[in-house]
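Student: Can we go through this one together? I'd like to know where the words people use for it come from.

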Amino acid sequence: MKIHFLGAADGVTGSRHLVESAGSRILLDCGMFQGWKLHRERNWSLPEALRELDAVVISHAHLDHSGWLPALVRHGYKGPVYASPATCALARVLLLDSAHLQEEDARRANRHGYSRHAKALPLYTRADAERALALMKPLPPGREILLGRHKLALSRAGHLLGACSVSLSEPGREGLRLVFSGDLGRQHDLLMPPPQPAPAADVMIVESTYGNRLHPEADPAPLLADIVKRTVQRGGSVLLPAFAVGRAQALLLLLQRLRRSGAIAAEIPIFLDSPMAQAATALYRGQGRLLRVPARELRGLCDGVRMVETAQQSMRLAAARFPAIIISASGMATGGRVLHHLKAMAPEHRHSIVLAGFQVGGSRGARLLAGERELRIHGEMVPVRAEVSRLEGLSGHADRGELLAWLGALHPAPRATFVVHGEPDAADALRGAIQQQLGWAVRVPQHGEAAEV
Ligand SMILES: [Zn+2]
């Protein structure tokens with residue numbers, strides 16, 4: 001078996017692992033690179049190793065795991081794409097939105113002439129995304145199918161609606177069983193049940209987003225309540241840049257609980273300003289059996305929440321003077337409607353910007369958290385004077401302890417373990433912990449490396 005690490009091997013984005021074995025070439029995840037320009041530029045070329053593929057398996061719908069699929073299809077891929085049914089449904093929402101953003105960015109760059117190319121082209125179009133979605137084949141977790149001579153199965157990973165770990169077994173007594181963790185969720189998540197135990201593995205590919213830290217025990221609810229109260233007291237509004245899928249729903253749940261308990265005033269309007277978050281919220285509400293949210297709370301998730309539908313309404317909201325809570329995407333402020341709000345709110349002291357998710361190095365979210373006093377938005381420099389906070393405790397990722405516990409339950413130990421999907425310090429910290437605490441053979445692969453096992 002040969003594994004090519006073609007993404008998420010020196011960072012958290014662009015997850016792509018090509019498995020070559022028993023005559024098949026199977027791509028695990030087809031993620032988009034985000035964050036650093038150096039990484040984003042990888043989105044524009046087709047790695048040689050991805051020219052001939054038999055199948056693609058997507059662990060979950062987040063764009064850093066699924067977002068390059070339309071580009072792969074644009075490069076000519078026509079084979080099957082397996083994912084859980086909920087991932088297929090969420091991918092429709094995410095990929096079409098991503099294609100729309102790609103087209104918008106290209107149009108804007110051409111209009112303002114700030115592309116370094118003569119004519120900016122989108123990475124892919126809505127038509128490419130539709131073609132990619134047509135290739136998706138829902139595979140319910142727990143069911144086993146044959147893929148060439150391999151058996152493929154998914155198991156639930158928590159983390160996000162539909163998220164799964166992938167296991168791929170080679171045929172025969174000597175055959176290797178490979179497990180790819182995908183992104184692993186937490187034991188105590190607001191929305192998702194904990195991950196299923198790791199399937200038996202000879203070769204393990206494990207994520208390490210939080211491989212170097214433990215999540216604080218702190219409850220995010222009182223912190224958010226305090227931020228809302230002091231912001232409204234100074235006549236400002238609270239902007240919550242949020243991943244449209246997962247994080248936006250967790251924030252709604254949290255805000256509804258704070259409203260019900262009286263911790264924040266019911267009169268402060270809450271706006272959900274992201275068509276994608278609205279679509280994802282509808283999907284979450286229809287998949288209650290996959291969540292750990294009580295049915296009554298799920299029904300009331302959007303009570304009193306104002307849905308901002310058109311771009312014009314969004315612009316009007318950005319110009320409004322009354323205190324409000326605005327949830328808008330994207331979660332790292334890399335694109336989408338949140339940019340108009342950020343442009344309007346960042347220069348004013350009275351407002352608050354609350355970052356409630358992981359911020360990839362190089363993204364505007366990461367720059368805000370690093371205390372940068374100026375941000376480039378739509379080719380313009382915008383001063384940052386608003387209060388900027390990080391809201392912890394909402395992470396959808398297992399922390400170091402949870403990752404080690406998930407791995408440590410495996411007996412016997414895998415023969416080879418590869419640590420991926422982490423910033424270099426996180427990946428290396430998890431590698432060290434696996435080596436010391438579990439005594440396993442483990443390493444962090446290099447981007448572009450092909451490992452023989
Ligand atoms: Zn994810």
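Tutor: Sure! Let's start with a word we'll need: a residue is called buried when its relative accessible area is under 20%. Keep in mind that this is a predicted model.

Student: Okay, so why is H159 called buried?

Tutor: Its relative accessible area is 9%, and the cut-off is under 20%, so H159 counts as buried.

Student: And what makes D183 buried?

Tutor: D183 comes out at 2%. The limit is under 20%, so D183 is buried too.

Student: Which residues are the protein donors of the zinc ion?

Tutor: They are H60 (NE2), H62 (ND1), H159 (NE2) and D183 (OD), lying 2.2 to 2.3 Å from the zinc ion. Along the sequence their spacing reads H-x1-H-x96-H-x23-D. H159 sits in the loop between β8 and β9, and D183 in the loop between β10 and β11, so this pair ties together parts that are 24 residues apart in sequence.

Student: Why is the site of the zinc ion called irregular?

Tutor: Look at the angles among the four donor atoms: they run from 92 to 168 degrees. Tetrahedral needs all angles between 85 and 135 degrees, and square planar needs opposite donors over 155 degrees apart with all others between 65 and 115; anything else is irregular. The 168 rules out tetrahedral, and the site of the zinc ion is classed as irregular.

Student: How do you know that α6 is roughly perpendicular to α7?

Tutor: Helix α6 (residues 220-233) and helix α7 (residues 247-260) pack at about 75 degrees, with axes 10 Å apart. Roughly perpendicular covers 65 to 115 degrees, so α6 and α7 get that label.

Student: What do the residues of that contact divide into?

Tutor: Seven nonpolar, no polar and no charged. P220, A221, L224 and A225 in α6 meet L254, L255 and L258 in α7.

Conventions: Residues numbered from 1 in each chain as written. Predicted model: local features only at pLDDT ≥ 70, side-chain atom pairs only at ≥ 80, totals over all residues. Heavy atoms only, no water. Donors = N, O, S within 2.8 Å, 3.2 Å for Na, K, Ca; no water. Tetrahedral: all angles 85-135°; square planar, octahedral: opposite > 155°, others 65-115°. Helix = DSSP H or I, 4+ residues; strand = E, 2+ residues; numbered from the N terminus. Buried < 20%, exposed > 50% of the residue type's maximum accessible area, 1.4 Å probe, protein only. Axes fitted to C-alpha atoms, helices over the stretch in contact; angles between N-to-C directions. Parallel < 35°, antiparallel > 145°, perpendicular 65-115°, else oblique. Contact = heavy atoms within 4.5 Å. Nonpolar A, V, L, I, M, F, W, Y, C, P; charged D, E, K, R; others polar.
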